[in-house]
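Good morning. I will take a few minutes to walk through one structure, starting with its interior and ending with some backbone details.

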Amino acid sequence: MSECTCLGIKLTSKVETKIKFSNIYAVELINGGLVHKAVLPNSGGCLLGRGSKMYRFVVHGVQRSKTNCSLWVLATCTFGHTDLQTCQVWINRINDSINKEVGRPKNLLIFVNPLSGKGKGRRTWETVAPIFSRAKVKTKVTVTDRAGHAFDVMASITDEELNSYNGVVVVGGDGFFNEILNGLLSSRHKAPYPPAPTDFVHLAENNNNVYDANDTIPETPLQNERDPLLESSGPSRPGFSTCRTEGRSCNTACADQDSIFPFPNENFSLGIIPAGSTDAIVICTTGARDPVTSALDIVLGKRVCLDIAQVVIWRKTSSSRGAPSVRYAASFAGYGFFGDVIKESENYRWMGPIRYDFAGTKVFLEHRSYEAEIKFLEAKTENENQIHEKDIQRSWTRSLWNPPKKSRRLACCVNCSVCSGSIKSICTPSEGPIKTDDTSEALRWLQSKGRFLSVGAAVISCRNERAPDGLVADAHLADGFLHLVLIKECPRALYLWHLTQVARKGGEPLNFKFVEHHKTKAFMFTSIGDTSVWNLDGELFEAHQLSAQVFQGLISLFAVGPGV
């Protein structure tokens with residue numbers, strides 16, 4: 001409880017009345033009016049007579065919720081004076097302070113998916129739109145009317161026009177954000193491809209040349225049949241461009257350094273206002289699934305860096321000979337169980353978000369496994385924050401009856417020391433391509449082959465309401481790693497136990513003999529026999545052979561980080 005005195009009137013409040021200047025986003029003059037003596041019993045009649053006119057202005061700010069530190073709570077303070085000019089002086093001074101805050105957006109491109117989350121996208125935007133108006137942020141709003149609409153707009157907009165905005169805000173779910181992300185990067189992100197599977201041979205139709213994945217793919221013969229997303233990657237050369245982030249190495253598109261719209265781009269950020277079925281990206285980056293909190297993060301210019309995975313689909317089927325295509329992901333790429341669930345759920349869209357529970361149960365009972373070969377680049381930090389090999393090699397019987405042993409985990413949080421500094425990435429010359437046959441100690445490729453219930457690559461922890469700690473609790477927003485999770489074929493009861501650990505706060509879903517967890521910069525995948533589909537941030541595609549690599553801190557996101 002706090003007290004303050006204004007114009008000789010003793011005021012008592014049950015809530016905090018102080019707002020930090022850095023948390024103020026707007027100030028506005030409201031209509032003046034007559035203030036009668038009867039309304040001010042504590043003043044003693046010493047300041048304002050009957051019928052005196054009071055001019056008032058309201059300061060709009062935010063405070064952290066006392067019950068949930070991840071949530072912003074709107075806060076207002078109203079001030080008054082009998083002199084209009086005095087009020088205007090204070091308004092001007094506060095506005096000057098607001099304008100001095102660095103990084104706050106002034107002009108944003110907004111995309112609203114009216115069908116997100118069972119049709120709540122438009123209503124969500126109408127709820128938060130006044131916050132942007134009050135903060136004097138200009139918005140150009142596009143309500144999409146078909147699938148792929150937002151992608152087409154982002155892919156076709158000129159760099160000059162894009163540079164006139166401080167960012168793009170998505171009102172929708174993870175899948176809609178993925179559409180915007182791919183539209184943004186499709187023609188602008190220039191980087192070498194990740195290594196391809198060693199047996200991949202691309203046949204160019206026009207010249208019938210046969211070449212290995214370690215050779216440069218000719219641009220001219222395939223120019224007319226390339227997937228639009230593929231053109232973003234320029235010459236295909238397996239390897240990584242190397243950047244430095246305060247002494248740490250990261251994968252960033254150095255070819256963009258002199259581009260009119262480079263990546264990373266400190267002057268341009270993406271934002272998400274949650275209105276989807278899962279909203280895992282928002283939960284991982286803000287700690288909450290609250291449209292108002294996300295909107296306030298945006299107008300206050302709060303930013304975090306986000307790793308992005310580039311996925312190259314070399315072949316859709318074992319017999320296909322078409323040109324490869326490229327996709328980007330901000331949260332997760334999954335094959336097997338995770339792909340089958342999304343594919344099955346498409347048949348029950350009328351059920352809304354509950355369709356995922358229904359589809360998940362149906363796919364679990366079918367208990368399908370798929371044969372595949374996965375090669376991944378061993379990370380130097382492979383064993384950090386993970387359980388020891390002896391713990392993994394326990395017998396299945398012991399694993400079934402003994403509770404999983406707790407492993408030490410370092411979760412991502414606000415001002416995370418692991419992710420800090422990513423937005424300051426400075427490109428340096430490449431150290432050369434990474435070859436698939438490289439056997440040096442620094443770069444070693446490992447292999448896992450067999451039947452898998454699921455193959456997953458998490459860019460972030462993927463926390464959501466069904467998985468409070470996410471699929472990989474210690475995955476970070478901008479540490480430059482993919483978390484490869486391979487679920488080997490196992491009895492249905494053991495897989496159920498794994499899934500219950502995913503759904504439990506503080507669970508240990510990775511601490512089983514049939515689960516492999518590897519931190520990696522890149523991996524290659526080849527299906528064998530019957531195939532499933534891939535789920536990329538909620539979007540489905542087929543792939544017999546694909547490769548993936550991660551770019552550290554490639555984009556800036558309007559968020560403050562998970563409130564852990």
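**The interior and what surrounds it**

The largest nonpolar core has 70 residues, and the ones that touch the most other members are Phe177, Leu270 and Leu557. Two domains give residues to this core: domain 2, which covers 103–192 + 263–302, and domain 3, which covers 307–380 + 411–426 + 443–553, so the core lies between them. Please keep in mind that this is a predicted model.

Which residues does Phe177 touch, leaving aside its neighbours within four places in sequence? The contacts are Val170, Leu270, Ile272, Ile281, Ala330, Ile555 and Leu557. Apart from this core lies another one, of 26 residues, and its members include Ile313, Val459, Leu484 and Phe525. As general background, nonpolar side chains in soluble globular proteins tend to be buried together.

Now the chain as a whole. It has 564 residues, and 54% of them are buried. Its secondary structure comes to 13 helices and 25 strands. If we take contacts between residues at least 6 apart in sequence, 77% of them join residues at least 24 apart.

Next, the strands. Strand 19, residues 445–458, is a good place to begin. How many bridges pair strand 16 with strand 19? There are five, and the pairing is antiparallel. Strand 16 covers residues 332–336, and its Phe332 has Ala458 of strand 19 as bridge partner. Strand 17, residues 370–377, also pairs with strand 19 in the antiparallel sense, over eight bridges. In that pairing, Ile374 is matched with Ser448 of strand 19. Strand 19 also pairs with strand 20, antiparallel again, over six bridges. There, Val455 has Leu486 of strand 20 as its partner.

From strand 20, residues 482–488, we can step to strand 21: the two run antiparallel and are joined by six bridges. Leu482 stands opposite Thr520 of strand 21. Is strand 21, residues 515–520, mostly covered or mostly uncovered? It is mostly covered, with six of its six residues buried. Val515, His517 and Lys519 point one way from the strand, Glu516, His518 and Thr520 point the other way, and all are buried.

The loop between strand 19 and strand 20 holds two residues I want to show. One is Cys462. Cys462 has a positive phi of about 65°, although it is not a glycine. Its relative accessibility is 6%, so it counts as buried. The other is Arg463, in that loop too. Arg463 has 17% relative accessibility; the cut-off for buried is under 20%, so Arg463 counts as buried. Arg463 and Thr278 are 185 residues apart along the chain, but their C-alpha atoms are separated by 9.3 Å.

Turning to helices, I have one pair to show. Helix 3 covers residues 121–134 and helix 8 covers residues 291–299; their axes come within 10 Å and cross at roughly 35°. The crossing is right-handed. Which residues make the contact? From helix 3 they are Thr124, Val128, Ile131 and Phe132, and from helix 8 they are Pro291, Val292, Ala295, Leu296, Ile298 and Val299.

Why is helix 8 described as largely enclosed by the rest of the structure? Because seven of its nine residues are buried. Those buried residues are Thr293, Ser294, Ala295, Leu296, Asp297, Ile298 and Val299. Just after helix 8, Gly301 takes a positive phi of about 75°.

A separate helix, helix 4, covers residues 149–156 and contains His149. With a relative accessible area of 15%, His149 is buried. Setting aside its neighbours within four places in sequence, His149 is in contact with Thr142, Val143, Thr144 and Glu179.

Last, two more backbone details. In general, most residues other than glycine have a negative phi, and most peptide bonds are trans. His367, in the loop between helix 10 and strand 17, has a positive phi near 55° and is not a glycine. Where is Pro264? Pro264 is in the loop between strand 12, residues 248–251, and strand 13, residues 269–274. The peptide bond joining Phe263 and Pro264 is cis, with omega about -5°.

That is the tour. Thank you.

Notes:
Residues numbered from 1 in each chain as written. Predicted model: local features only at pLDDT ≥ 70, side-chain atom pairs only at ≥ 80, totals over all residues. Heavy atoms only, no water. Core = buried A, V, L, I, M, F, W, Y, C linked by side-chain atoms within 4.5 Å. Buried < 20%, exposed > 50% of the residue type's maximum accessible area, 1.4 Å probe, protein only. Domains from an automatic or database assignment. Contact = heavy atoms within 4.5 Å. Helix = DSSP H or I, 4+ residues; strand = E, 2+ residues; numbered from the N terminus. Pairing = 2+ DSSP bridges. Axes fitted to C-alpha atoms, helices over the stretch in contact; angles between N-to-C directions. Left-handed = near helix turned anticlockwise from the far one by under 90°.
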